[in-house]
Amino acid sequence: MTYLAAVVLGVAAGALAGMFGVGGGILFVPTLVALGLTQVHAEATSLLAMIPVVLLGVWRQQQYGNVRWRSSLVIGGASIVSAVGGAALAVTLPESALKRLFGVLLLVTATQIAWRAKNKT
């Protein structure tokens with residue numbers, strides 16, 4: 001039953017992420033926590049789940065000629081270093097602090113989406 005719930009929630013979160021243009025992790029992490037994972041495990045699982053999506057996206061965008069490889073390598077290298085540092089920090093924080101920080105991220109993201117929607121009209 002948990003796997004079925006994960007698939008249904010994953011499809012719903014993916015569709016919402018695609019419709020609203022937010023990163024999947026904003027929706028996947030709370031979903032995984034609701035399914036019983038700890039905050040750290042939910043965040044790590046969400047990051048791992050993005051690898052096939054990223055690879056497919058790069059492959060498709062490369063076919064359209066939209067990938068700037070030099071910029072991608074610089075940003076990717078910096079992201080790898082930052083991800084390692086962030087993961088090391090995440091495992092040292094108490095679960096409650098990590099949940100609060102993720103909540104702040106959700107609020108900032110929601111504010112940014114609302115601000116852009118308001119100023120677009």
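**Exercise 1.** Which element supplies the largest share of the lining of the largest pocket?

*Solution.* Keep in mind that this is a predicted model. Start with the pocket itself: the largest pocket has a volume of about 590 Å³. Of the 29 residues that line this pocket, G25, V29, L47, F102 and L105 are the closest to its centre. Next, look at the helices: α2 (24-34), α3 (39-63), α4 (69-92) and α5 (95-120) each give at least two residues to the lining. The largest share, 8 residues, belongs to α5.

**Exercise 2.** Sort the residues that line the largest pocket into nonpolar, polar and charged.

*Solution.* Go through the lining and place each residue in its class. You should end with 19 nonpolar, 8 polar and 2 charged residues.

**Exercise 3.** Now describe the second largest pocket and its lining.

*Solution.* First, the volume of the second largest pocket is about 350 Å³. Second, find its lining on the structure: L47, M50, I51, V54, L55, I75, G76, S79, I80 and A83. Third, name the elements: α3 and α4 are the ones that give two or more residues to this lining. Finally, sort the lining residues of the second largest pocket, and you get 8 nonpolar, 2 polar and no charged.

**Exercise 4.** Is L16 buried, partly exposed or exposed?

*Solution.* Locate L16 in helix α1 (residues 2-20). Its relative accessible area is 35%. Buried means under 20% and exposed means over 50%, so L16 counts as partly exposed. Well done! To finish, look at the surface around L16: together with M19 and F20, L16 forms a nonpolar patch with about 340 Å² of accessible area.

Technical notes
Residues are numbered from 1 along each chain as its sequence is written. This is a predicted model: local features need pLDDT of at least 70, side-chain atom pairs count only at pLDDT 80 or more; totals for chains, interfaces and linings use all residues. Side-chain values use heavy atoms; hydrogens and water are left out. Patches are made of residues with over 30% relative accessible area and no salt bridge: like charges are joined within 9 Å, nonpolar side chains (Val, Leu, Ile, Met, Phe, Trp, Tyr) within 5 Å. Accessible areas come from the Shrake-Rupley method with a 1.4 Å probe; for residues, only the protein chains shown count as cover. A salt bridge is a side-chain nitrogen of Lys or Arg within 4 Å of a carboxyl oxygen of Asp or Glu. Helices (H or I, at least four residues) and strands (E, at least two) are DSSP runs, numbered from the N terminus. Buried means under 20% relative accessible area, exposed over 50%, partly exposed in between (1.4 Å probe, protein chains only). On a 1 Å grid over the protein atoms alone, a cavity is a set of points where a 1.4 Å probe fits but cannot get out, and a pocket is an open set with protein on both sides within 12 Å along at least five of seven lines; lining residues have an atom within 4 Å of a point. Grid points are joined across faces, edges and corners, and a volume is the space filled by probe spheres set on the points. Ala, Val, Leu, Ile, Met, Phe, Trp, Tyr, Cys and Pro count as nonpolar, Asp, Glu, Lys and Arg as charged, and the others, Gly among them, as polar.
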